[in-house]
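Happy to walk through this one with you. Have a look at the structure first, and then we can ask how each label is earned.

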Amino acid sequence: MRQAEAEVKRAKQARETALSRVESIRLKLVLAVKELDRSNKLFAKGIFTQQQLDRDQTLKQTYEAEYTAAKSSITEADNAIEAAIAQTEILKSEINDCILKSPIKGPVLSRLAEPGEVMPNGGKVLTIVDLSDIHMNVYLSEQYAGMIPLAGCQGCARCHTG
């Protein structure tokens, strides 16, 4: 789980790196467009050579291609973030499925399976006592039966002999 969470962080950091790279290339492209515009004006006046104009055009085209590639790396990073988050959610679900949950609160009376043991669906793992619902059947001999008060009895003469 920690590895999957670290992968989410790594993917988010990769996205930040991609955003920085896009901005860097965008600024270089803006400069290349300005230089090409100047080169075109100077070439039209006969001050610049064709070779310098070609270099500036190639530089602008190179930055345009790098800019497009860098923008696609942002999409790639976004997809990596989504995949890492999905993996984290899958692991959370699997971990949650491995946790035993009791519908009642009470002490464990007996453990029917050991840790690491593979259980079939619906297999019993623990016996838990529900302390709010305890009933007991007690069998007494006839001579003691009259000496035990009934539940809720306050010692009346009918059910208590002494």
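The expected span of a helix is 1.5 Å times one less than its number of residues. Keep in mind that this is a predicted model.

Q: What makes the span of helix 1 agree with the expected value?
A: Helix 1 has 43 residues, so at 1.5 Å a residue it should span 63 Å, and its end C-alpha atoms are 62 Å apart, which agrees. This helix covers residues 2–44, and Gly-46, with a positive phi near 85°, follows it.

Q: How does the reach of helix 2 compare with what is expected at 1.5 Å a residue?
A: Helix 2 reaches 70 Å from its first C-alpha to its last, close to the 70 Å expected for its 48 residues.

Q: Why is Ser-39 called buried?
A: Buried means under 20% relative accessible area. Ser-39 has 2%, so it is buried. Its place is in helix 1, and beyond residues up to four places away in sequence it touches Phe-48, Leu-53 and Asp-56.

Q: Which residues of helix 1 are buried, and what do they pack against?
A: The buried residues of helix 1 are Ala-4, Val-8, Ala-11, Ala-18, Val-22, Ile-25, Leu-29, Ala-32, Leu-36 and Ser-39. They pack against helix 2. On the other side of the pairing, the buried residues of helix 2 pack against helix 1; among them are Leu-53, Asp-56, Lys-60 and Tyr-63.

Q: What makes Ala-18, Val-22, Ile-25, Leu-29, Ala-32, Tyr-63, Tyr-67, Ala-70 and Ile-74 a nonpolar core?
A: A nonpolar core is a set of buried residues of kinds that include Ala, Val, Leu, Ile and Tyr, joined through side-chain atoms within 4.5 Å. These 9 residues make up the largest such core. Helix 1 and helix 2 each supply at least two of its residues, and the largest share, 5 residues, comes from helix 1. In soluble globular proteins, nonpolar side chains tend to be buried together.

Q: What is Ala-32 in contact with, leaving aside its neighbours within four places in sequence?
A: Ala-32 is in contact with Leu-59, Lys-60 and Tyr-63 once those neighbours are left aside.

Q: Why is the meeting of Asp-78 and Arg-15 called a salt bridge?
A: The cut-off is 4 Å between a side-chain nitrogen of Lys or Arg and a carboxyl oxygen of Asp or Glu. For Asp-78 and Arg-15 the N to O distance is 2.3 Å, so the pair qualifies as a salt bridge. Asp-78 lies in helix 2 (residues 50–97) and Arg-15 in helix 1, so the pair ties together parts that are 63 residues apart in sequence.

Q: Are Asp-78 and Arg-15 buried, exposed or in between?
A: Partly exposed is the range between the buried limit of 20% and the exposed limit of 50%. Asp-78 has a relative accessible area of 26% and Arg-15 one of 25%, so both count as partly exposed.

Q: How many salt bridges does a search of the whole structure find, and where do Lys-41 and Asp-37 lie?
A: The search finds 6 salt bridges. One of them joins Lys-41 and Asp-37, at 3.5 Å from N to O. Both residues lie in helix 1, 4 residues apart, about one turn of the helix. Asp-37 is partly exposed, at 40% relative accessible area.

Q: How do you know that Lys-60 and Glu-64 form a salt bridge?
A: Their closest N and O atoms are 2.7 Å apart, and the cut-off is 4 Å, so the pair meets it. Lys-60 and Glu-64 both lie in helix 2, 4 residues apart, about one turn of the helix. Glu-64 is partly exposed, with a relative accessible area of 33%, while Lys-60 is among the buried residues of helix 2.

Q: Why does Lys-34 count as partly exposed?
A: Its relative accessibility is 46%, and exposed would need over 50%, so Lys-34 stays in the partly exposed class. The C-alpha atoms of Lys-34 and Asp-56 are separated by 9.6 Å, with their positions 22 residues apart along the chain.

Q: What makes Met-136, Val-138, Leu-140, Tyr-144, Met-147 and Ile-148 a patch?
A: A nonpolar patch joins nonpolar side chains within 5 Å, from residues with over 30% relative accessible area and no salt bridge. These residues form such a patch on the surface, with about 650 Å² of accessible area together. Met-147 is found in the segment after helix 3 (142–145).

How values were computed: Residues are numbered from 1 along each chain as its sequence is written. This is a predicted model: local features need pLDDT of at least 70, side-chain atom pairs count only at pLDDT 80 or more; totals for chains, interfaces and linings use all residues. Side-chain values use heavy atoms; hydrogens and water are left out. Patches are made of residues with over 30% relative accessible area and no salt bridge: like charges are joined within 9 Å, nonpolar side chains (Val, Leu, Ile, Met, Phe, Trp, Tyr) within 5 Å. Accessible areas come from the Shrake-Rupley method with a 1.4 Å probe; for residues, only the protein chains shown count as cover. Buried means under 20% relative accessible area, exposed over 50%, partly exposed in between (1.4 Å probe, protein chains only). Contact means heavy atoms within 4.5 Å.
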